Amino acid sequence: MVGRGQVVRHGTLAPAFEGSNPSAPATLSDTSRAGLDTSPAGGPAIRDVGARTAKEVTRVSHGMAKTELRLFTGSAHPLLAQEIAEFLCVPMGQARLHRFADTEVSFQIDENIRGMDVFIVQPTSRPVDEHLMELCIMMDAFRRSSAARITAVIPYYGYARQDRKDKPRVPISAKLVANLIVAAGADRVLTMDLHKAQIQAFFDIPTDHLFAAPVIIDYLSRQQFGKITIVSPDAGGAERARAYAKRLGADLAIIDKRRSSETGSAEVMNVIGDIKGRICVLQDDIIDTAGTIVKAAQALYDQGAERIIACAVHGVLSPPAIDRINASPIERLIVTNTIPHDAERARCPKLHVLSVARLLGQAIRSIHEETSVSSLFV
């Protein structure tokens, strides 16, 4: 039985892919050197190595993608998947996903994907467990249907905040979920703005970790706010805020935050930095119930900030986040569409959503073509 990520080349097992940035060109198998037919099924036969053009030899030796790209989506965020498909100029894959009366997931692929390079777009957003199970079942179906490679495109990785044992007798759920994804059949993971970058090491397969910073920074730079101050709502986000400040030529401030040992709620203590009379941009990776970001905004307002803008990559916005934001001194809340926000847009006039479809599409194209994706990292 041939393992995932391998193809049979006349009795010789050779890796089908070496990752997004292979360290060295892949060598041809002995049968290829002998001039035997090594073309994919249905393609033109190449029998004489000496007769190949320089371009053909380069394509084979560097492991460039000879398989077709197929893009599929679960029920978590089909609009984002459609945006990515339009950017890549590829049709959405044909499949049927529905649930039985007891909520079990049923999934069937309606096209031949044997030997294809499959990408599945599925953020693990609310309801997290349902979307995670959908992703695992979809990957199992593609694995059993002989896809050449399966890449799980997870714009928002749920359970990322449970990445360590910070209390006695608790799980490391981020690692458990990574194990589930690998066991289900993923050959590669593409994700965005993990809560902690070291979560990449939880996966025993290649992982591409993108950042939405180029999208958010481009938007902020076009707003003509003038001189701004980037504010981190806690010490843990200082490095991220510093990167934004450097790219925007802005000042940096940090809020010293403490959490109650009994309730776990955030309690703002001090603002470190000059924010009086300034336009302050609060920057975070995740906004869930908005307790932290709203208390930070109130602290900035109390100390004389002129205007307060909040931005985050993942707008989870669990209740009562919208009510808190509407009642806060936050003038505008900027998030990306790693998570769908249709319901929240109607209830929160302050919400502004930026698309990361182009960024994800560029990464998918680079992975498929076996070219470097490092230019997309910041």
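These exercises work through a predicted model of one chain.

**Exercise 1. The chain as a whole**

Task: State how many helices and strands the chain has, and what share of its residues is buried.

Solution.
- Start with the elements. The chain holds eleven helices and 16 strands.
- Then take burial. The chain has 378 residues, and 48% of them count as buried.
- Finish with the contacts. Among those with a separation of 6 or more, 61% join residues 24 or more positions apart.

**Exercise 2. Helix α5**

Task: Check the span of helix α5 (residues 173-184), then find where its buried residues lie.

Solution.
- Work out the expected span. At 1.5 Å a residue, the twelve residues of α5 should span 16 Å. The C-alpha atoms at its ends are 16 Å apart, which agrees.
- List the buried residues. In α5 they are S173, A174, V177, A178, I181 and A184.
- Look down the axis. The buried residues of α5 fall within an arc of 145°, so they line one face of the helix.
- Recall the geometry. An α-helix has 3.6 residues a turn, so residues three or four places apart point the same way.
- Turn to the other side of α5. There, L176 and A183 are exposed.
- Find the packing partners. The buried residues of α5 pack against α4 (128-144), β7 (149-154) and β8 (188-192).
- Step past the helix. G185 follows α5, and its phi is positive, near 130°.

**Exercise 3. Two nonpolar cores**

Task: Identify which members of the largest nonpolar core touch the most other members, and list the contacts of L71.

Solution.
- Begin with the principle. In soluble globular proteins, nonpolar side chains tend to be buried together.
- Take the largest nonpolar core. It has 45 residues, of which L71, I84, L360 and I364 touch the most other members.
- Follow L71. Leaving aside neighbours within four places in sequence, L71 is in contact with A81, I84, A85, P91, M92, G93, F119, V121 and I364.
- Look for a further core. One of 32 residues lies apart from the largest, and F72, M138, A184 and F202 are among its members.
- Link back to the helix. A184 is also one of the buried residues of α5.

**Exercise 4. Strand β13 and its partners**

Task: Decide how enclosed strand β13 (residues 279-287) is, and describe its pairing with β10 and β14.

Solution.
- Check burial. Nine of the nine residues of β13 are buried, so the strand is largely enclosed by the rest of the structure.
- Take one partner. Strand β10 (residues 228-232) pairs with β13 in the parallel sense, over four bridges. T229 has C280 of β13 as its bridge partner.
- Take the other. Strand β14 (residues 307-315) pairs with β13 in the parallel sense, over eight bridges. Here L282 stands opposite A310 in β14.

**Exercise 5. Two strand residues**

Task: Classify D208 and M269 as buried, partly exposed or exposed, and give a contact for each.

Solution.
- Place D208. This residue sits in strand β9 (residues 207-210).
- Apply the cut-off. Buried means under 20% relative accessible area. D208 has 5% relative accessibility, so D208 counts as buried.
- Find its partner. The side chains of D208 and R188 are joined by a polar contact of 2.8 Å.
- Place M269. This residue is in strand β12 (residues 266-272).
- Classify it. M269 has a relative accessible area of 46% and is partly exposed.
- List its contacts. Not counting residues up to four places away in sequence, M269 touches D256 and R258.
- Add the distance. M269 and D256 are 13 residues apart along the chain, and 5.6 Å separates their C-alpha atoms.

Definitions and conventions. Residues numbered from 1 in each chain as written. Predicted model: local features only at pLDDT ≥ 70, side-chain atom pairs only at ≥ 80, totals over all residues. Heavy atoms only, no water. Helix = DSSP H or I, 4+ residues; strand = E, 2+ residues; numbered from the N terminus. Expected span 1.5 Å × (residues − 1). Buried < 20%, exposed > 50% of the residue type's maximum accessible area, 1.4 Å probe, protein only. Arc of directions from axis to C-beta. Contact = heavy atoms within 4.5 Å. Core = buried A, V, L, I, M, F, W, Y, C linked by side-chain atoms within 4.5 Å. Polar contact = N/O pair within 3.5 Å; in protein donor to acceptor, adjacent residues only side chain to side chain. Pairing = 2+ DSSP bridges.
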